[in-house]
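Here are some short exercises to work through with the model open. Try each one before you read the solution.

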Amino acid sequence: MMKHVGLYIISAVMLCSCGASRHIAYFRDMQPDSAGIVAPVMEIRLQPYDKISIVVSSRDPKLSALFNLPVVSGSVAGGDTIGGRGLSVYTIDRAGNIDFPVMGTVHVAGQTRDGVAKMLKLRLAESKLLADAVVTVEFDNLMLSVLGEVNRPGNFMITRDCITVLDAIGMAGDLTRNGDRRKVMVVRQENGRRTAYRIDLSSGNSIYSSPAYYLRQNDVVYVTPR
């Protein structure tokens, strides 16, 4: 009798394990060498109150230094501060502008990092201020949040363009065993509205075709419990 009870217990444990494995699986609808639709690449566009670092360089260091903020401790005029990499950063104001040395007010909201760099380089050349400028723009305070059933919930810095929901899940240490891979929510606020997107991580089609596959600053990724 005890032998049969033991077999029943083992069988139940195995069935539960198989059930858990089914919930853990990603990309269940994808096959090797298969092709599918992927959401259009979406670079991050700057918003008011974002912070960015801008470094201008050229063959003449003294001339290019005129277009770089001085690196000082604490805060500087206009709300600009020292970034995490030791560079002075610009805070985009509520109107979407920054106060750029010599050139004055420059509108940057709605543009990508590359777009800002190209615009500044062109304006420096057209104004005959710096013909051979090399402009580098980096994010400074852009963040996203991953909450719910993940191993390391929290806020994570965005240091590059085209960061995806899979990147965010990876930064948070993957889902816990209690996380429902079929019910991952991305909450986004834009233009005064809040939009929630649902993604099924067990489906490659759901992941790669979602408007929230590429994340933006201030997005919240929430993994619901099973």
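**Exercise 1.** What is the order of the five strands in the open sheet?

Before solving, some ground rules: this is a predicted model, where local features need pLDDT of at least 70, side-chain atom pairs count only at pLDDT 80 or more, and totals for chains, interfaces and linings use all residues. Residues are numbered from 1 along each chain as its sequence is written, and side-chain values use heavy atoms, with hydrogens and water left out.

*Solution.* Step one: the strands (DSSP E runs of at least two residues, numbered from the N terminus) run β7-β6-β10-β8-β9, with mixed pairing. Step two: β7 (154–157) and β9 (193–199) each have a single partner strand, so one side of each lacks a neighbour in the sheet. Strands count as paired if DSSP finds at least two bridges between them.

**Exercise 2.** Work out how β6 and β7 pair.

*Solution.* β6 (residues 143–148) joins β7 in the antiparallel sense, over four bridges. For one position, take S145: its bridge partner in β7 is N155.

**Exercise 3.** Which residues of α3 are buried?

*Solution.* Start with the helix (a DSSP H or I run of at least four residues): α3 covers residues 113–126. R113, V116, A117, L120 and L124 are buried (under 20% relative accessible area, 1.4 Å probe, protein chains only). Seen down the axis of α3, the buried residues fall within an arc of 100° (taken from the directions from the helix axis to the C-beta atoms), so they line one face. On the other side of α3, K118 and E126 are exposed (over 50%).

Technical notes. The expected span of a helix is 1.5 Å times one less than its number of residues.
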